[in-house]
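Thanks, everyone. I'd like to walk you through one binding site this morning. Have a look at the structure first.

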Amino acid sequence: MSSYHEQHLQSLRNKSLFSGDAFIDGQWISKEKQFVVYEPSSTSILGKVSDCDLEDFQTAIKSADQAQHSYYENTTGTQRGALLRRWNDLILENIDDIATILSLENGKTLGEAKGEVAYAASFIAWFAEEATRSYGVTIPSSTPHTTLMTVREPVGVCGIITPWNFPAAMITRKVGPALAAGCSVVIKPPSETPYTCIALAKLAVKAGLPPATIQVCPTKDRQAAAELAKNPLVKKLSFTGSTGVGKKLAELAVGTLKKLSLELGGNAPFIVFDDANLDLAVEGAMFCKFRCSGQTCVCANRLYVQKGAAKAFVEKLVKAVQSLKMGPGLDQSTTQGPLVNKAAVQKVKEHVDDAVSKGAKVEVGGKASMTSGFFFDPTVLSGVTPGMAVSKEETFGPLAPVFEFETEDEVLRLANDTEFGLAGYFFSQDIARAMRVAHKLQVGMVGVNTGKISAAEAPFGGVKESGYGKEGSLYGLEEYQNIKSITIGNQNVGAE
Ligand code: SIN
């Protein structure tokens with residue numbers, strides 16, 4: 001009898017989308033050395049993927065550099081936009097297959113996986129439009145008979161390193177603007193979830209993007225992947241992942257002073273004031289805490305609830321959490337998939353154990369009750385205090401720790417007492433407080449009375465040690481461009 005994932009892979013409409021090949025210099029390559037990818041709900045082997053070495057990265061970078069020049073010089077923004085629109089259409093036409101592959105390698109539910117593929121495509125569609133609106137400016141010159149203007153040019157080859165929690169959207173949020181700007185890309189997909197990236201690259205080629213403008217180098221070899229930060233032909237590195245790895249890449253990139261975008265760790269505060277609409281607050285918490293089983297950089301990590309609302313909020317939250325159902329992502333009834341690996345499960349357990357040993361109470365969950373797969377029960381803790389590990393570290397799992405607070409000043413001090421500054425959320429019906437708190441939270445993105453802040457049109461990125469650079473939005477394209485000024489002087493010379 002075939003296994004769970006074999007059955008689902010057999011159901012793919014376009015079976016060629018599931019491939020473990022690298023894509024280098026316009027060729028699909030199956031390498032002798034391969035690494036294993038696991039299916040996290042059963043921990044069984046999903047497949048094997050080509051393991052690229054340093055030479056592969058160097059070949060890919062050189063080929064991407066050659067391709068970039070002719071790609072940019074021979075296309076207009078309108079033409080690049082049309083190619084991206086075709087890629088967007090193909091992704092949406094294949095949404096069921098891509099979502100199945102994504103769910104198998106990442107574990108997220110089919111509903112979430114389809115949502116992610118649509119979200120991923122929305123970045124391609126967005127930057128297809130932005131490609132046609134890459135304006136320069138004309139600047140009044142202080143010198144007579146002179147015109148001063150700016151043009152935007154592609155930075156060149158971009159190194160793209162992405163995480164496993166959004167195997168599709170983190171690729172397109174970077175590759176979309178890069179290709180729109182006229183850059184080429186060398187992608188190192190996450191070694192836990194490389195299949196989705198490979199499927200997307202196949203569709204990009206089918207859409208007509210010149211093959212060598214996209215190179216995909218899966219690898220487990222960190223030294224080889226570091227070439228994307230070191231090689232002088234790479235002009236920009238965009239990374240989403242941990243703050244620790246981001247800092248190391250920044251150190252490596254300094255040798256060639258390449259442009260960097262770093263979207264790093266978060267430790268998002270989620271604040272519920274006494275005057276909040278509690279049903280909305282619970283809905284927001286369920287979305288931004290338990291989406292992707294708590295494995296997003298913008299997940300609520302610390303839930304601060306004002307004393308007067310705490311009891312009612314916890315009761316409603318516990319009830320909502322009890323309605324979640326864990327299971328393999330592709331099972332119809334599943335609402336919570338597994339975590340990515342054993343280490344992820346261990347981290348949640350450590351945070352729960354630490355909090356409980358210091359006096360927190362488990363309201364629901366608190367253990368890994370499923371015997372197979374990388375699962376941890378969705379958990380709510382009450383009585384959490386600042387001395388516990390959850391207040392300082394990102395859990396990256398389905399744990400909602402509830403702290404109580406008394407005043408606005410106190411909660412702002414607690415919320416900002418972290419080296420991270422990616423996202424923050426709060427719930428209040430008071431408009432003056434809403435403006436005040438939104439300004440005072442030291443984060444790159446604020447959700448007021450909502451847990452949903454991610455969209456192609458919204459600038460995504462953090463402050464402090466959560467990194468720098470904005471993705472998506474009207475700012476996303478310029479991260480992949482250089483601004484050149486052109487001064488045309490002495491226009492009076494030669495006049496009749
Ligand atoms: C992330 O976790 O890095 C991305 C989350 C999002 O785009 O909403």
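One term before we start: a polar contact here is a pair of N or O atoms within 3.5 Å. With that cut-off in mind, take Cys-297. One of its backbone N or O atoms lies 2.7 Å from an oxygen atom of the ligand. That pair falls within the 3.5 Å limit, so it is a polar contact. Keep in mind that this is a predicted model.

Now two side chains. Tyr-119 places a polar side-chain atom 2.7 Å from an oxygen atom of the ligand. Ser-454 does so too, with a polar side-chain atom 2.5 Å from a ligand oxygen. How much of the ligand's accessible area does the protein cover? On its own, the ligand has 260 Å² of accessible area, and the protein covers 100% of it.

Next, the surroundings. The ligand sits in the largest cavity. There are 13 residues around it, and those that come nearest are Tyr-119, Arg-173, Arg-291, Cys-297 and Ser-454. By class, the shell has six nonpolar residues, four polar ones and three charged ones.

Let's step back to the whole chain. The domain assignment gives domain 1, covering 4-264 + 466-484, and domain 2, covering 268-448. Their centres, taken over C-alpha atoms, are 31 Å apart. Across the interface, 25 residues of domain 1 are in contact with 27 residues of domain 2.

So where does the ligand lie relative to these domains? Domain 1 and domain 2 both give residues to the shell, so the ligand lies between them.

To recap: the ligand is in the largest cavity, with 100% of its accessible area covered by the protein. That's the site. Over to you for comments.

How values were computed:
Residues numbered from 1 in each chain as written. Predicted model: local features only at pLDDT ≥ 70, side-chain atom pairs only at ≥ 80, totals over all residues. Heavy atoms only, no water. Near = heavy atom within 4 Å. Polar contact = N/O pair within 3.5 Å; in protein donor to acceptor, adjacent residues only side chain to side chain. Areas by Shrake-Rupley, 256 points an atom, 1.4 Å probe, with all protein chains shown as cover. 1 Å grid on protein atoms, 1.4 Å probe; cavity = no way out; pocket = protein on both sides within 12 Å on 5 of 7 lines; lining within 4 Å. Sits in = over half its atoms within 2 Å of the grid points. Nonpolar A, V, L, I, M, F, W, Y, C, P; charged D, E, K, R; others polar. Domains from an automatic or database assignment. Contact = heavy atoms within 4.5 Å.
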